[in-house]
Amino acid sequence: MLRIPVIEIFSSIQGEGPYVGYRQLFLRLPGCNLACPYCDTPVAASSKLKIERISGSRDFEEIPNPVSLSDLLKLLQSFNLNLHHSLSVTGGEPLLWAEQLDQLLPRVRKLGLKIYLETNGTLPGKLALILPWVDIISMDIKLPYAENNFWQAHQEFLRQARGTKLFIKIVVDRETDLASLEQARSMLKGENKAIPVILQPVTPVRGLRPPEPKQMLQWQEFMLKELFSVRVIPQTHVYLGQL
Ligand code: SF4
């Protein structure tokens with residue numbers, strides 16, 4: 001039977017993007033294929049998964065990792081699922097575990113929970129495997145960093161995700177360059193101008209600085225010249241002290 005390593009399971013509010021404020025059950029999986037300079041997420045797998053049985057208590061029970069898919073399903077069912085808008089499958093990059101998710105997600109959906117996938121949008125082949133089980137995709141467009149760019153993978157990912165409810169998140173900071181935003185805009189325009197886009201000012205970590213107020217407004221205006229919906233939403237859970 002397939003097993004899967006898990007970092008943590010908890011119930012909280014969605015702090016980013018257009019679903020901000022919805023109550024979600026979060027399943028955080030380890031590992032990532034990228035190394036974004038603003039990454040604030042612990043991605044390493046450990047020999048124990050953490051589960052917050054009482055939401056907001058910060059009292060985590062530890063359970064040996066990896067877990068079987070049926071044990072994981074039982075852990076998810078230990079929460080009051082009726083409270084939750086969806087299961088947020090997050091990471092790290094959760095698509096690294098697509099084979100396991102392909103078996104887990106249909107069983108979660110049978111429990112009445114929608115599947116909300118948070119992904120860096122660079123593993124289109126893996127997405128194809130679980131797409132039938134995914135209700136909403138929160139896809140990042142990663143602007144180039146350290147001489148890496150992800151345009152081709154993003155393009156293919158968008159193509160693969162056609163027909164699924166999807167929105168785009170682009171993290172911007174004070175050093176973001178207009179040429180990168182232009183490339184993102186042109187890719188999205190070519191795919192579908194109606195895809196909702198969220199510009200997310202970086203949360204200040206490790207010396208990174210959020211955009212100046214003027215920059216933020218200019219970039220939103222710039223994106224809106226070619227796209228229908230471009231909103232600016234920061235990471236709200238950070239301000240609220242939520243996980
Ligand atoms: S894709 Fe997400 S988890 Fe991976 S390094 Fe970037 S911010 Fe961190």
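This is a walk through one predicted model, starting at its ligand and then moving out to individual residues.

Let's begin with the ligand. The space it takes up is the largest pocket. Around it sit C32, L34, A35, C36, C39, V43, G92, N120 and K142. Sorted by class, that shell comes to six nonpolar, two polar and one charged residues.

One member of that shell deserves a second look. G92 is among the residues around the ligand, and the peptide bond leading into G92 from G91 is cis, with omega near 15 degrees. If you want to find the spot on the chain, look at the loop between β7 (86–90) and α2 (98–110), where G92 is located.

There is another cis bond to check while you're at it. N65 and P66 are joined by a cis peptide bond, this one with omega about -15 degrees. P66 belongs to the loop between β5 (60–64) and β6 (67–68).

Staying with backbone geometry, two non-glycine residues have a positive phi. For R58, phi is about 60 degrees even though the residue isn't a glycine. You'll find R58 in the loop between β4 (48–52) and β5. R58 counts as partly exposed because its relative accessible area is 34%, and the partly exposed class runs between 20% and 50%. E147 is the other case: not a glycine, yet its phi is positive at about 65 degrees. E147 lies in the loop between β9 (136–140) and α4 (151–160). How exposed or buried is E147? Its relative accessible area is 85%, so E147 is exposed, the cut-off for that being over 50%.

Now for a couple of side chains that are tucked away. E8 is part of strand β2 (residues 8–13). With a relative accessibility of 10%, E8 counts as buried, since the limit for buried is under 20%. Which partner does the E8 side chain have for a polar contact? That would be the side chain of R28, at 2.8 Å. Setting aside neighbours within four places in sequence, the contacts of E8 are F26, L27, R28, K50 and F60, so R28 turns up in that list too.

Q235 also has a polar partner. This residue is in the loop between β12 (230–232) and α7 (236–240), and at 7% relative accessible area Q235 is buried. Its side chain makes a polar contact with the side chain of T203, at 2.5 Å. Beyond residues up to four places away in sequence, Q235 touches G15, E16, D40, Q200 and T203.

Q14 is another residue to click on. It's in the loop between β2 and β3 (23–28), and its relative accessibility of 2% is why Q14 counts as buried. Leaving out residues up to four places away in sequence, Q14 touches Y19, V20, G21, Y22, Q24, F26, S88, Y116, E118 and T236. F26 is a contact of E8 as well. Not every residue is close by, of course: Q14 and D71 are 57 residues apart in sequence, and their C-alpha atoms are 25 Å apart in space.

S138 picks up some of those names again. It's in strand β9, and at 2% relative accessibility S138 counts as buried. Its contacts, not counting residues up to four places away in sequence, are Y116, L117, E118, T119, F167 and K169. Y116 and E118 are also among the residues that Q14 touches. And how far is S138 from S88? The two are 50 residues apart in sequence and 9.7 Å apart in space, C-alpha to C-alpha. S88, for its part, is one of the contacts of Q14.

Let's finish in helix α4, with A153. At 24% relative accessible area, A153 is partly exposed. Not counting residues up to four places away in sequence, A153 touches G121, T122 and P124. One of these, G121, is 32 residues from A153 in sequence, with a C-alpha to C-alpha distance of 7.3 Å. To close the loop with where we started, N120 is among the residues around the ligand.

Terms used. Residues are numbered from 1 along each chain as its sequence is written. This is a predicted model: local features need pLDDT of at least 70, side-chain atom pairs count only at pLDDT 80 or more; totals for chains, interfaces and linings use all residues. Side-chain values use heavy atoms; hydrogens and water are left out. A residue is near a molecule or strand if one of its heavy atoms lies within 4 Å of it. On a 1 Å grid over the protein atoms alone, a cavity is a set of points where a 1.4 Å probe fits but cannot get out, and a pocket is an open set with protein on both sides within 12 Å along at least five of seven lines; lining residues have an atom within 4 Å of a point. A molecule sits in a cavity or pocket if more than half of its atoms lie within 2 Å of its grid points. Ala, Val, Leu, Ile, Met, Phe, Trp, Tyr, Cys and Pro count as nonpolar, Asp, Glu, Lys and Arg as charged, and the others, Gly among them, as polar. Helices (H or I, at least four residues) and strands (E, at least two) are DSSP runs, numbered from the N terminus. Buried means under 20% relative accessible area, exposed over 50%, partly exposed in between (1.4 Å probe, protein chains only). A polar contact is a pair of N or O atoms within 3.5 Å; within protein, one must be able to donate a hydrogen and the other to accept it, and residues adjacent in sequence count only if both atoms are side-chain atoms. Contact means heavy atoms within 4.5 Å.
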